[in-house]
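Hello,

Here is the structure I promised to pass on. My notes follow below it.

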Amino acid sequence: MKGSRRVIKYIAEGLFTLSGGITSFAILLIVIFLFKEGAGLFSSPTVERGYALCVHASNPTRVLDAREIKRAFDGEASAWQEIGTGEMTGEIALLRLEDLDALYPGEMDEAGEAARRRVEEAIGDRPGVIAFLPEEYLPESEEVARRLETGNVTGVEFFAGGEWQPTVAPAARLGVLPLLLGTVWVGFFAIILALVPGLGVAIYLSELAGARARAWLKPTIELLAGIPSVVYGFFGLVVLVPFIQGMFDLPVGESALAGSVVLAIMALPTIITIAEDAMRGTPRALREASLALGATHWQTIYRVVIPHSSSGITAAAVLGIGRAVGETMAVLMVTGNAAVIPHSLFEPVRTIPATIAAELGEAPVGGTHYQALFLLGCILFAITMAINLSAEFIAARGQKGGGA
Amino acid sequence: MNKKVKQAIAFAIFRLLGFLVVGVLFCILGFIVYNGAGVISWEFLTAAPEEGMSAGGIFPAIVGTLCLVVGSIAFAFPVGVMSGIYIHEYLGNRWIVRVIRVMTNNLGGIPSIVFGLFGMALFVNAFGFGDSILAGSCTLGLLILPLIIRTTEEALKAIPDSYRAGSYALGAGKLQTIFRVTLPVAMPNIITGLILSVGRVSGETAPILFTVAAYFLPRLPSGIFDQVMALPYHLYVIATSGTDIEASRPMAYGTALVLVIIVLAMNLLATATRLHLGKKTKQD
């Protein structure tokens, strides 16, 4: 009897201990898995897996990077002088599997000896060729056609690249800058829009509202924090987007502005709740001292209450930014999702979370695009982690030092 | 006089802001209710989507969301409560508690799409669950874990130490005290947190995008390894990428209203639970 009770005690306490560490363990797992899936990006080839680029054997060019490949295949560069090292001159002739299909109808349907001979023939005829072909179509010898080295995706390309076109062939462009700037852009304006009204409401709730108004306003605002983001996104889509389009006479209403406004509305409850809690934490003695010195209620608020709760207010703003940066569905639905570096509030932009949500479903598991999206997840994780830790730090400092 | 005028102006502005902000938030709710109320009918709630999701109902999505709620709670509730007990009753006030608390807060602050990525990498691919209720529930469970841990901790903190001392004085052990005294008293508050997390789970879209959600799946799931439709994802789909977006608008309004109602109901229920159970424990 006593023994079995002791066993139960050990089991229960063991379970408690295990559960106690679960959040730390979960964060550890998240970090490990995001990086595990994303880290492969820098060792994956620039050119789509299973495909290769070939040039004529007489072509001295050995290496092309992703940008040069894209310019050639987009037709932006039409001569070899414009790309590569400059040793090669003359027109660029592009050769894809479709082109070969048109040249030799029916013969390219499956990869085999005959198809490979045709490839060799076609490349041999064109000294300035760049051929983009599946690996199994490549001729075995390098006498006529030579494979280009295309290298791997580099960190510079990823972190400083200005173009995000993950599905273009032959070389996807995986520059994270437009997405990062889009996220910051939308989040920044959201917080500008939300901060003043949010603090205003917090002041109203903590200082001015009567007990009864407070009793139903506060739960209502907390309730609004619980409305799913997809509902806010839907509201933005059917009301805000047409409104913005009409008001500013835009070609499309899906814009950074729509995203910022929706995010501001969603960040409001967070900001209000935290800032209000901070203001109410001001000791009564401080307020009364101020009033006793002859200050009005308003002077007391902005000379005593606000400075005293400044760290809490800052924490509210920081957490609001965190909420705005990480928000996915609402932004996905109203910003138009054009992956360009933002120049104005009235153009479509695309944020990091929206990119992940929109593209992960179509990216083949383990491919370059998939890895790039996981790296985006890592970036997002790092940003929000930094934001949360600094909010925590600011709030803790406020508690310890008793405010400014 | 001058400072009185300043005060009057400032207060007028704050009052106005207060009503403005609350007004905007209410407009959003009102808009959804106004447009969605006409759509909701018995058929809407009990039929499968038809004609490219422009007619019929949302029954499979309701069932799917229910499955995810049950699944994620089944995982997160016991683990979260045990975690809260460990942090508050066993660790007391050591430095490790601060580390755990920071970690818990941080887990709560991670964007939901990151949970989606993680769920896909771990549950769907590494564990081989595939796109399934199991994978989705685990992902959502992790998401609400911080909320449950925090409410458990708060609930335990609110119990006076005299309760525990009284129990020890009667010769009870630590475990007995937890199960017979502390936990029952803390339960109303813990249940409140649980109910709120039900609201959260039913509205999350990003974590289920790649772990469970199906675009269109009229039949009901038969096991935990099946995919399901879910309300928030369904709303996203019919609002943005249906075959005929205009024709499916009413369906979208209806779905949005159902989501809003779930959240409202959960909040009301949470408040009611707190009041009701709170009263009962006091009487005991």
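The contact between the two chains draws 62 residues from chain A and 69 residues from chain B. Keep in mind that this is a predicted model. On the chain A side, helix 2 (residues 22-39) contributes the most, with 10 residues. The side of chain A that touches chain B is made up of 40 nonpolar, 19 polar and 3 charged residues.

Chain B overall

Chain B has 10 helices and 2 strands. Along the sequence, their order is α-α-β-β-α-α-α-α-α-α-α-α. The C-alpha atoms of chain B occupy a box of roughly 70 × 70 × 35 Å along the principal axes.

Helix 7 of chain A

This helix covers residues 177-208 of chain A. Its 32 residues should span 46 Å at 1.5 Å a residue, and the end C-alpha atoms are 45 Å apart, so the two values agree. There is a bend, though. Helix 7 of chain A turns by about 30° at Leu195(A). A proline, Pro197(A), follows within four residues.

Pro197(A) also appears in the contact with helix 1 of chain B. The axes of helix 7 of chain A and helix 1 (residues 2-37) of chain B come within 8 Å and cross at roughly 110°. The two helices are therefore roughly perpendicular. From chain A, the contact uses Pro197(A), Gly200(A), Val201(A), Ile203(A), Tyr204(A) and Leu208(A). Helix 1 of chain B answers with residues including Phe11(B), Phe14(B), Arg15(B), Gly18(B) and Val21(B). By class, this contact has 11 nonpolar, 2 polar and 1 charged residues.

The two helices numbered 9

A second helix pair joins the chains here. Helix 9 (residues 229-247) of chain A packs against helix 9 (residues 231-240) of chain B at an angle of about 20°, with the axes 10 Å apart. Angles under 35 degrees count as roughly parallel, so helix 9 of chain A and helix 9 of chain B are roughly parallel to each other. Their crossing is left-handed. Val230(A), Phe234(A) and Leu237(A) make the contact from chain A. Pro232(B), Leu235(B), Tyr236(B) and Ala239(B) make it from chain B. The residues of this contact divide into 7 nonpolar, no polar and no charged.

Inside chain B

One pair within the chain is also on my list. The axes of helix 3 (residues 59-90) and helix 6 (residues 133-157) of chain B come within 6 Å and cross at roughly 35°. The crossing of helix 3 and helix 6 of chain B is right-handed. Their contact has 17 nonpolar, 10 polar and 3 charged residues.

Best wishes

Notes
Residues are numbered from 1 along each chain as its sequence is written. Chains are lettered from A and ligands numbered from 1 in the order in which they are written. This is a predicted model: local features need pLDDT of at least 70, side-chain atom pairs count only at pLDDT 80 or more; totals for chains, interfaces and linings use all residues. The expected span of a helix is 1.5 Å times one less than its number of residues. The bend at a residue is the angle between axes fitted to the seven residues ending there and the seven starting there. Axes are lines fitted to C-alpha atoms, for helices over the stretch in contact, and angles run from 0 to 180 degrees between N-to-C directions. Angles under 35 degrees count as roughly parallel, over 145 as roughly antiparallel, 65 to 115 as roughly perpendicular and the rest as oblique. A crossing is left-handed if the near helix is turned anticlockwise from the far one by less than a right angle, and right-handed if clockwise. Two residues are in contact if their C-beta atoms, placed from the backbone, lie within 7 Å. Ala, Val, Leu, Ile, Met, Phe, Trp, Tyr, Cys and Pro count as nonpolar, Asp, Glu, Lys and Arg as charged, and the others, Gly among them, as polar.
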